[in-house]
Amino acid sequence: MAEIPIRSFGVSVVLLRNAETETEVLLLRRNHTLVGEWCQIAGGIEDGEKAWETALREVKEETGLTCARLYSADICEQFYEADRDAITMVPVFVGFVDAGAQVTINEEHSEFCWTSLTTALNMVPFAGQRHVLKHVDAEFVQREPIKHLLIHESSQKS
């Protein structure tokens, strides 16, 4: 009996900011893979890195931003890749940034937008992304995040 391999080699980060009237999520329009699609921040784990360290690095590389707080979202994005005949499981993180922080996108993306989570649900292409965004809204926007999920608070760095 053949098995489908399960791969886990990257992370996904939903970046949030508290705007004047609501919490907004950052979406990036892809340039290389999934060209033209709106997505959250994502990237591969490098040798010796913990997944949460990858999350912080990818946020910096893709947006120029630094997370004030980073949480485990307590969920994985999962999808089947037909070209690899594999299931990919990606841990999701939630990062909070200051409302006035300036985004500087890298060459992986053509544009960015801050938008409501409701609008974002209609912009992302995959059901798995919508599932993640609904979870993040319920657990990190509609209620105070559980303190046990906090991984990194920038004020703790010396």
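Me: Contact here means heavy atoms within 4.5 Å. With that in hand, which residues does T115 touch, not counting residues up to four places away in sequence?

Reply: In this predicted model, T115 touches T23, E24, V25, L27, A120 and M123. Each of those has heavy atoms within 4.5 Å of T115, so each counts as a contact. T115 itself sits in strand β8.

Me: Why does T115 count as buried?

Reply: Buried means under 20% relative accessible area. T115 comes out at 9%, so it goes in the buried class.

Me: How far apart are the C-alpha atoms of T115 and E53?

Reply: They are 26 Å apart, for two residues 62 places apart along the chain.

Me: What about S116: what makes it count as buried?

Reply: Its value is 12%, and the cut-off is under 20%, so S116 is buried as well. S116 belongs to strand β8, which covers residues 109–116. Beyond its neighbours within four places in sequence, S116 is in contact with E22, T23 and V25.

Me: Which side chain makes a polar contact with the side chain of S116?

Reply: The side chain of T119 does, at 2.9 Å. The limit for a polar contact is 3.5 Å, so the pair passes on distance.

Me: What makes E24 and R17 a salt bridge?

Reply: The rule wants a Lys or Arg side-chain nitrogen within 4 Å of a carboxyl oxygen of Asp or Glu. Here the N to O distance is 2.7 Å, so E24 and R17 qualify. Both partners are buried, too. As for the background, side chains of opposite charge can pair when their charged atoms come close.

Me: How many salt bridges does the rule give?

Reply: The count comes to 9. Five residues, E46, E49, R57, E58 and E61, are tied together in a network of salt bridges.

Me: How do you know that R57 forms a salt bridge with E49?

Reply: Their closest N and O atoms are 2.6 Å apart, against a limit of 4 Å, so the pair counts. E58 also forms a salt bridge with R57, and its 3.1 Å falls within 4 Å, so that one counts too.

Me: Why is R57 called buried?

Reply: Its relative accessible area is 16%, and buried means under 20%, so R57 falls on the buried side. E58 is buried along with R57. R57 lies in helix α1, residues 51–63.

Me: Which residues is R57 in contact with, leaving aside its neighbours within four places in sequence?

Reply: Those are G44, E46 and E49. With G44, the backbone oxygen lies 2.9 Å from a polar atom of the R57 side chain. As for I45, its C-alpha atom is 9.6 Å from that of R57, although the two are 12 residues apart along the chain.

Me: What makes E153 partly exposed?

Reply: Partly exposed runs between the buried cut-off, under 20%, and the exposed one, over 50%. E153 has 25%, so it lands in between. E153 is in strand β9, residues 150–153, and is in contact with A68 and R69 once its neighbours within four places are left aside. The C-alpha atoms of E153 and Y71 are separated by 9.0 Å, with their positions 82 residues apart along the chain.

Me: Is D74 buried or exposed, and why?

Reply: Its relative accessible area is 55%; exposed starts over 50%, so D74 is exposed. D74 lies in strand β6 and has a positive phi of about 65° although it is not a glycine.

Me: Where is D85, by contrast?

Reply: D85 is in the loop between β6 and β7. Its phi is also positive, near 45°, and again the residue is not glycine. At 39%, D85 is neither under 20% nor over 50%, so it counts as partly exposed.

Me: How much space lies in the largest pocket?

Reply: About 720 Å³. Of its 28 lining residues, the closest to the centre are R30, T33, L34, A42 and F79. The elements giving two or more residues to the lining are β2, β5, β6, β7 and α3.

Me: How do the residues of the lining divide into nonpolar, polar and charged?

Reply: The split is 9 nonpolar, 13 polar and 6 charged. Gly counts as polar in that tally.

Technical notes: Residues numbered from 1 in each chain as written. Predicted model: local features only at pLDDT ≥ 70, side-chain atom pairs only at ≥ 80, totals over all residues. Heavy atoms only, no water. Helix = DSSP H or I, 4+ residues; strand = E, 2+ residues; numbered from the N terminus. Buried < 20%, exposed > 50% of the residue type's maximum accessible area, 1.4 Å probe, protein only. Polar contact = N/O pair within 3.5 Å; in protein donor to acceptor, adjacent residues only side chain to side chain. 1 Å grid on protein atoms, 1.4 Å probe; cavity = no way out; pocket = protein on both sides within 12 Å on 5 of 7 lines; lining within 4 Å. Points joined across faces, edges and corners; volume = space filled by probe spheres on them.
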